[in-house]
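Subject: Structure handover

Hello,

Here is the structure I said I would pass on. My notes on it follow below.

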Amino acid sequence: MKGRVAALVGPEEVIVKEFDVPEPEAGAVVAKVRRANTCGSEVHIYHHHHPLLRECVLGHEFVGEIQALGDGVETDYAGESVSVGDRVIAPYYRTCRKCPACLKGDFNLCQKAYSFWSQRAEEFPHFTGAFATHYYIQPDQYFYKVPDSVPDEVVAGANCGLSQVLYGLHEIGLSAGESLVIQGAGGLGLYAAAVAKDMGAEVIVVEGIPERIELAKRFGAEHIVDMREFESAEE
Ligand SMILES: [Zn+2]
Ligand SMILES: [Zn+2]
């Protein structure tokens with residue numbers, strides 16, 4: 001079976017390339033991509049402004065559907081049993097569990113975090129980004145089954161924007177009754193508003209774009225600082 005990927009081959013230069021979809025090796029999973037989001041990072045990567053990524057397959061926020069399971073894969077990384085046809089999400093970054101950062105428990109700083117994603121499309125297994133027909137989940141890459149109750153458009157951002165905000169707010173120890181100021185209601189800001197509200201915090205959003213202000217309210221902002229009402233950022 002052939003599949004296609006959107007390969008970034010230079011700054012602002014994307015070519016759609018076709019490859020044979022590989023059979024998963026032991027421990028790996030091949031998924032069909034059902035939906036992929038355009039994350040803000042994707043724009044930086046496209047312009048070659050990302051510090052590490054140059055030639056790669058674009059796309060990293062996505063939900064897929066299991067097409068084939070490698071030998072030994074019976075469950076996801078939360079212990080849920082998995083089979084062909086199940087919807088799954090996979091964090092795009094690697095957690096090698098062997099580098100100095102991982103051994104200290106700082107999994108978010110893994111030195112090999114981008115080792116899958118920074119591959120050129122020509123390198124096996126080709127399907128290392130989500131702007132593609134398929135995605136290859138590597139043998140030591142986390143992935144999770146998606147509950148039937150969660151639709152694709154809600155879950156597709158869970159492996160990047162949502163998980164980063166959840167992690168960040170837990171790292172700073174936000175708790176019920178505290179207040180949180182969010183500067184900018186883009187993708188991450190909106191996730192932060194919803195998660196902080198769910199954690200019991202009072203959410204204040206600084207924003208100047210009317211559509212974003214409306215969204216911020218729907219995502220849990222109780223107070224808006226509308227930047228259009230002030231002459232300068234300092235004010
Ligand atoms: Zn992202
Ligand atoms: Zn590591």
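I begin with one exposed residue. Glu-12 has 8 C-beta neighbours inside 10 Å, and a residue with 12 or fewer is called exposed, so Glu-12 counts as exposed. Please keep in mind throughout that this is a predicted model. Glu-12 sits in the loop that links strand S1 (2-10) to strand S2 (13-20). Its phi is near 60°, which is a positive value in a residue other than glycine.

Arg-97 also has a positive phi without being a glycine, in this case near 65°. Arg-97 lies in the loop between strand S6 (87-89) and H2. It has 11 C-beta neighbours inside 10 Å and therefore counts as exposed. As background, most residues other than glycine have a negative phi, and most peptide bonds are trans.

On the second of those points, the peptide bond from Phe-124 to Pro-125 is cis, with omega near 5°. Pro-125 belongs to the loop between helix H2 (100-103) and strand S7 (134-137).

Now the chain as a whole. It has six helices and 11 strands. Its radius of gyration is 19 Å, close to the 18 Å that the globule rule gives for 235 residues, so the chain is as compact as a globular protein of that length. The C-alpha trace spans about 55 × 40 × 35 Å along its principal axes. Of the 235 residues, 32% count as buried. Taking the contacts between residues at least 6 apart in sequence, 62% join residues at least 24 apart.

The domain assignment gives domain 1 (2-152) and domain 2 (172-229). The C-alpha centres of domain 1 and domain 2 lie 30 Å apart.

Next, the strands. S2, S1 and S4 form an open sheet of three strands, in the order S2-S1-S4, with antiparallel pairing. Its edge strands are S2 and strand S4 (56-57), each of which pairs on one side only. S1 and S4 run antiparallel and are joined by two bridges. Leu-8 stands opposite Cys-56 in S4.

Which strands pair with S3? One is strand S5 (residues 61-69): strand S3 (residues 29-37) and S5 pair in the antiparallel sense over eight bridges. Here Val-29 stands opposite Leu-69 in S5. Another is S7, which pairs with S3 in the antiparallel sense over four bridges. In that pairing Ala-31 stands opposite Tyr-135 in S7.

One more residue ties some of this together. Tyr-46 is in helix H1 (residues 40-46). What does Tyr-46 contact, leaving aside its neighbours within four places in sequence? The residues are Leu-8, Glu-12 and Leu-58. Leu-8 is the residue that stands opposite Cys-56, and Glu-12 is the exposed residue at the start of these notes. Tyr-46 itself is partly exposed, because it has 17 other C-beta atoms within 10 Å, and a residue needs 20 or more to be buried. Tyr-46 and Glu-122 are 76 residues apart in sequence, and their C-alpha atoms are 18 Å apart in space.

That is the end of my notes.

Regards

Terms used
Residues numbered from 1 in each chain as written. Chains lettered and ligands numbered in written order. Predicted model: local features only at pLDDT ≥ 70, side-chain atom pairs only at ≥ 80, totals over all residues. Rg over C-alpha atoms; globule rule 2.2 N^0.38 Å. Contact = placed C-beta atoms within 7 Å. Domains from an automatic or database assignment. Pairing = 2+ DSSP bridges.
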